[in-house]
Amino acid sequence: MNDLSPARLIDALCPECGRAIADVRSFSHEETGCVRCFDSYLRGVDAEFLDNYARCGARGRIVVAEACVRALVLSDVADRKLLAMTVYEQFIAAATDFIGLYHALLNRRDVPIVRGVLGFRLDVPAAAAFFGDLAHGGAIELLNRFGLPCPEQVDALARHLDRRERKQVREALAEALADLERVESFRDVGEHALVSAAERLGGTTALVDGTDWLSGTRLPAGQVAALALSRQYPGVEINVLSTDEETLGAVVDGIDIMTRLVRNVIFAFVSLHDPSQFHDGFRRTCP
Ligand SMILES: [Zn+2]
């Protein structure tokens, strides 16, 4: 086992490139290396990571949300509120996944994609930057920022793909464009929900079904409140959430859109970039 005590690290050399290690990251249980070698290792696994993530983890939010909605039908009033809250949490998580992917692909030339995705933390500027870019540039411009062309450009750009693959990529891009326009239409709700969620991150949220003891105001029937300490002023924030079927249906639609966007964007991105581009940090623009 390597000796990673501070005194030992001063003299340690990267086993890959021989440079002095200023900052050690584990590759595996046996190897350690410098940040530059670690990033080069990450670039070598970026494509596989994206592919696996799109097929598996990115679906988690919609699977959990739909399971909660099915369970709601058979639950009593108290449990319905808790399940509804979980649906809201999946919306925040799905939107965070998508905005994290946006920033990771936007910064792909500077930071390996795995590092961009896993290191993403939702905060107010990150949520506002995403919705601002979408509002100012529109869906096509946003697609370009993801490193993706319009559907009509696929045939000219992707000669390394066969006809069937080009058709699949065109369809994924067309669906992503339509979904980005739908995201823009719920900007007010989405940005507000995400910014307030981002402001509360790091703190604890507690769910209550009555607020008269706190604010003197009763919650209307079918609503539930998430309590959090305010970061702006000394006080407790009361975030009221509806648990009726129509509102929850809209939230589940939002999760569905975000999940589909993550999967389509990744599918098109991995299909349109060849392994050498992943390895060299996307210095070349087209395959
Ligand atoms: Zn190295």
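Begin by selecting Phe98, Val262, Val265, Ala268 and Phe269: these residues have the most contacts inside the largest nonpolar core, which has 59 residues. The model in view is a predicted one.

Next, colour the elements that give two or more residues to this core. They are helix H2 (35-55), helix H3 (60-73), H4, helix H5 (113-118), helix H6 (124-145), helix H8 (163-185), strand E4 and helix H11 (245-272).

Now centre the view on phenylalanine 269, one of the core residues just selected. Leaving aside residues up to four places away in sequence, Phe269 touches Leu50, Leu105, Phe146, Gly147 and Leu148.

**The pair H8 and H11**

Keep H8 and H11 on display and hide the remainder. Two packed helices are described by the angle between their axes and the distance between the axes. For H8 and H11 the angle is about 145°, and the axes lie 9 Å apart. The crossing of these two helices is left-handed.

To show the contact from the side of H8, select Glu165, Val169, Ala172, Leu173, Glu175, Ala176, Asp179, Arg182 and Val183. On H11, the contact is made by Ile257, Arg260, Leu261, Asn264, Val265, Phe267, Ala268, Ser271 and Leu272. Colouring this contact by class gives 11 nonpolar, 2 polar and 5 charged residues. Val265 and Ala268, which belong to the H11 side of the contact, are also among the residues with the most contacts inside the core.

**The sheet**

Turn next to the open sheet of 3 strands, in which the order is E3-E4-E5 and the pairing is antiparallel. Strand E3 (206-208) and strand E5 (236-242) are the edge strands; each has a single partner strand, so one side of each is left without a neighbour in the sheet. Viewed along the sheet, neighbouring strands are turned against each other by 30° on average, direction ignored.

Select residues 223-229 to show E4, which pairs with E5 in the antiparallel sense over 7 bridges. Within this pairing, leucine 229 has valine 236 of E5 as its bridge partner. Then add helix H4 (residues 77-106), which packs on the sheet and touches E3, E4 and E5. The direction of H4 makes about 60° with that of E4.

**The whole chain**

Finally, restore the full chain, with its 12 helices and 5 strands. Of its 287 residues, 31% are buried. Among contacts with a separation of 6 or more, 60% are between residues 24 or more positions apart.

How values were computed: Residues are numbered from 1 along each chain as its sequence is written. This is a predicted model: local features need pLDDT of at least 70, side-chain atom pairs count only at pLDDT 80 or more; totals for chains, interfaces and linings use all residues. Two strands pair if DSSP finds at least two bridges between them. Helices (H or I, at least four residues) and strands (E, at least two) are DSSP runs, numbered from the N terminus. Axes are lines fitted to C-alpha atoms, for helices over the stretch in contact, and angles run from 0 to 180 degrees between N-to-C directions. Two residues are in contact if their C-beta atoms, placed from the backbone, lie within 7 Å. A residue is buried if 20 or more other C-beta atoms lie within 10 Å of its own, exposed if 12 or fewer, and partly exposed in between; C-beta atoms are placed from the backbone. A nonpolar core is a set of buried Ala, Val, Leu, Ile, Met, Phe, Trp, Tyr and Cys residues joined through C-beta atoms within 7 Å. A crossing is left-handed if the near helix is turned anticlockwise from the far one by less than a right angle, and right-handed if clockwise. Ala, Val, Leu, Ile, Met, Phe, Trp, Tyr, Cys and Pro count as nonpolar, Asp, Glu, Lys and Arg as charged, and the others, Gly among them, as polar.
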